[in-house]
Amino acid sequence: MIAHIQGKLVEKNPTEVVIDCNGVGYQVNISLNTYSLIPDKESIKLFTYLQIKEDSHTLFGFAEKSEREIFKMLISVSGIGASIARTMLSSIEPKQIIQAIAVGDVVTIQSIKGIGTKTAQRVILDLKDKVLKVYDLDEVSILQDNTNKDEALSALEVLGFNRKLAEKSVEKIVKENPEASIETIIKQALKNL
């Protein structure tokens, strides 16, 4: 298996990059999360996962080892292929996926395009124990059982704000003040958005 690729960045798109390693150009599929983390400099290093099928060899690249590990966990679930796992990592941040799995948040996982209720439940059922063993519970429990956060986020969506922008703002507020009321979260989010 190819563990990482380091070389000259030749081409960068939201779904793939081309890295020149001593005259050989490797096409590497990436998530939007990795795309946002890749610096616009000449030399880069990506951690990789090589998927071998009968008709193709596909290389997936990740800016961080942790994202690669999450990708490998996701594709171990029946019904989740490499493209759906990449979509998951593109739709929400890897940390949010881990939190959703750890706390059994079916709605967050189901909100990803291509994931239905049964698949979301299967992801949680298959990976919850693994996630809780690998990741620190303190990191995971930050957003656990925070209905104020969820209700504030729903209210912001109803008001017409972009879900991803609203999530970032609300998460920041909840981290700074975990006991904040729904009204407080919404008021502070409105100031930030």
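Contact here means heavy atoms within 4.5 Å. Keep that cut-off in mind for the packing around helix 2 later in the tour.

**Whole chain**

Start with the full chain in view, and note that this is a predicted model. The secondary structure comes to 10 helices and 5 strands. Measure along the principal axes and the C-alpha trace spans about 60 × 35 × 30 Å. The chain has 193 residues, of which 40% count as buried. Switch on a surface: about 10900 Å² is exposed, and carbon and sulfur atoms supply 49% of that area. Next, colour by charge. There are 24 positive and 26 negative charges, and their mean positions lie 2 Å apart. Among contacts between residues at least 6 apart in sequence, 52% join residues at least 24 apart.

**Confidence**

Now colour by pLDDT. The average for the chain is 87, and 94% of the residues score at least 70. Select strand 3, where confidence is highest, at a mean of 96. Then select helix 7 (residues 137–140), where confidence is lowest, at a mean of 52. Move on to residues 141–145: pLDDT stays under 50 there, and the model has 6 contacts beyond four places in sequence for this stretch.

**Strands 1 to 3**

Go to the start of the chain and select strand 1 (residues 4–12) together with strand 2. The two pair in the antiparallel sense over 4 bridges. They form a hairpin with 3 residues between them. To see one pairing, pick Lys8, whose bridge partner in strand 2 is Asp20.

Select strand 2 (residues 16–21) alone. Strand 2 is mostly covered, with 5 of its 6 residues buried.

Add strand 3 (residues 24–29) to the selection. Strand 2 and strand 3 run antiparallel and are joined by 6 bridges. Pick Ile19 and look across to its bridge partner in strand 3, Tyr26. Strand 2 and strand 3 also form a hairpin, this one with 2 residues between the strands.

**Asn22**

Where does Asn22 lie? Select Asn22 and follow the backbone on either side: Asn22 lies in the loop between strand 2 and strand 3. Asn22 has a positive phi of about 50 degrees although it is not a glycine. Is Asn22 buried or exposed? Asn22 has a relative accessible area of 83%, so it counts as exposed.

**Asn33**

Select Asn33 next, in helix 1 (residues 32–37). Asn33 is buried, because its relative accessible area is 15% and buried means under 20%. Which residues is Asn33 in contact with, leaving aside its neighbours within four places in sequence? Show Glu67, Leu89 and Pro94, which are those contacts.

**Helix 2**

Glu67 leads to the last stop. Select helix 2 (residues 65–75) and show its buried residues: Glu67, Arg68, Ile70, Phe71, Met73 and Leu74. What do the buried residues of helix 2 pack against? Add these elements one at a time:

- helix 1, which is one of the packing partners;
- strand 4 (43–52) and strand 5 (57–62), also among them;
- helix 3 (82–91) and helix 4 (94–103), likewise included;
- helix 6 (117–134), which completes the set.

With these shown, return to Asn33 and Glu67: their contact joins a residue of helix 1 to a buried residue of helix 2.

Technical notes: Residues numbered from 1 in each chain as written. Predicted model: local features only at pLDDT ≥ 70, side-chain atom pairs only at ≥ 80, totals over all residues. Heavy atoms only, no water. Buried < 20%, exposed > 50% of the residue type's maximum accessible area, 1.4 Å probe, protein only. Areas by Shrake-Rupley, 256 points an atom, 1.4 Å probe, with all protein chains shown as cover. Lys, Arg positive; Asp, Glu negative; His and termini not counted. Charge placed at Lys NZ, Arg CZ, Asp CG, Glu CD. Pairing = 2+ DSSP bridges. pLDDT = per-residue confidence, 0-100.
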